[in-house]
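Student: Hey, I've just opened a structure I don't know at all. Can you walk me through a few of its details?

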Amino acid sequence: MINIKSNLVVQDIFNNIEYYIDLFLEQGILIFKGLNPTKEQEMDLMYALENRIGWSIYHAWRDEDHAKTFGRHARFISKEELFIPWHVEHVERENYQTGAIWHMLKYDCDNDCGQTGFVNMVDLFQTMPDDWKKFLLGCKVSSLAESDSDGMMHKINFNDNLRERDLVIPHNVTEKLIYRPNFTSEEVLRTVNGRAPLDEDILLYDQIIDWTKEQVYRDSSNQFWFKWDVGDTIIIDLSVMAHAVKGGFNLGERNFSRIWAYKNPFVDLAIMV
């Protein structure tokens, strides 16, 4: 269960920062109702985590109204449907987003609309049978998609030079094992314990991916859904938390401030989306 905090001001967090760092590492997320930090306080909160967790912060604010996401949909997405599908943030990138702060600035729709859902992928990994966990720890995969400067995913053809990545990685602070599949595009199993996959490896891999989608997409016991209001602020560990957003709102009704943190210092500003 995610512990939501309310009736706080930003200074209360700094006065007890070690507690909130520990809570963040335990939950993978901090949620503050009505915190309403200033722009400078948003950055100060991110710096507080950067200094203890080792994030590399993208030192700029961005207000997000989902205009690009609206452009991807040909029709209105209802509050029961997913406006943004389940995903773990840009697992296909070598330098992926590891964290963010989201501060809701405007919310002119019903709070049943635009809910954000979360699934903790450390916890999900722990529910697997031991033989599945052992298998996944030996797997390397390649994504058959890449993101452009707008964050849009595009299919790519397989080639032997595609980057291979581990499906399970240790958290950089807690060292807990994080399961990081790509839900939104196909991935190819490249190696198992350093060798080419056998037919039975591919069958097991496909079985686990099907199970994963069932657990994330449809098992409500694994999901936590948050109803937003103006001033609500979330600090999220994007290496850990899969997330999705429901529809039911129109362009211009929902706007939030956002700051990214990355695994490593960034070089290419074109991909900072």
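**Helices, cysteines and two loops**

Tutor: Sure, and keep in mind that this is a predicted model. Let's start with a helix pair: the axes of helix 6 (residues 130–137) and helix 7 (residues 199–217) come within 11 Å and cross at roughly 110°.

Student: OK, so how is helix 6 oriented relative to helix 7, roughly perpendicular or roughly parallel?

Tutor: Roughly perpendicular, because angles of 65 to 115 degrees count that way.

Student: And which handedness does the crossing of helix 6 and helix 7 have?

Tutor: That crossing is left-handed.

Student: Which residues make the contact?

Tutor: On the helix 6 side you'll find Trp132, Phe135 and Leu136. Helix 7 brings in Asp201, Leu204, Tyr205, Gln207, Ile208 and Trp211.

Student: What's the mix by class in that contact?

Tutor: There are 7 nonpolar residues, 1 polar and 1 charged where helix 6 meets helix 7.

Student: Switching topic: how many disulfides does a search of the whole structure find?

Tutor: The count is 0.

Student: Hmm, I was looking at Cys109. Why is there no bond from its sulfur to the closest cysteine sulfur?

Tutor: The closest one belongs to Cys113, and at 5.3 Å from the sulfur of Cys109 it is too far for a bond. A disulfide needs the two sulfur atoms within 2.5 Å.

Student: What about Cys113, then?

Tutor: Cys113 is in no disulfide either, with Cys109 holding the nearest cysteine sulfur.

Student: Is Cys109 buried or exposed?

Tutor: Buried: Cys109 has a relative accessible area of 14%, and the cut-off for buried is under 20%. Cys113 counts as buried too, at 8% relative accessibility.

Student: New topic, backbone angles. What's the phi of Asn7?

Tutor: Phi of Asn7 is near 60°, which is a positive value in a residue other than glycine. Most residues other than glycine have a negative phi.

Student: Where does Asn7 sit?

Tutor: Asn7 is in the loop between strand 1 (4–5) and helix 1 (10–15). With a relative accessible area of 74%, Asn7 is exposed.

Student: And what is the phi of His66?

Tutor: Near 70°, so His66 also has a positive phi without being a glycine. Look for His66 in the loop between strand 4 (62–64) and helix 4 (67–72).

Student: Is His66 buried or exposed?

Tutor: His66 is buried, at 5% relative accessible area, whereas Asn7 is exposed.

Technical notes. Residues numbered from 1 in each chain as written. Predicted model: local features only at pLDDT ≥ 70, side-chain atom pairs only at ≥ 80, totals over all residues. Heavy atoms only, no water. Buried < 20%, exposed > 50% of the residue type's maximum accessible area, 1.4 Å probe, protein only. Axes fitted to C-alpha atoms, helices over the stretch in contact; angles between N-to-C directions. Helix = DSSP H or I, 4+ residues; strand = E, 2+ residues; numbered from the N terminus. Parallel < 35°, antiparallel > 145°, perpendicular 65-115°, else oblique. Left-handed = near helix turned anticlockwise from the far one by under 90°. Contact = heavy atoms within 4.5 Å. Nonpolar A, V, L, I, M, F, W, Y, C, P; charged D, E, K, R; others polar.
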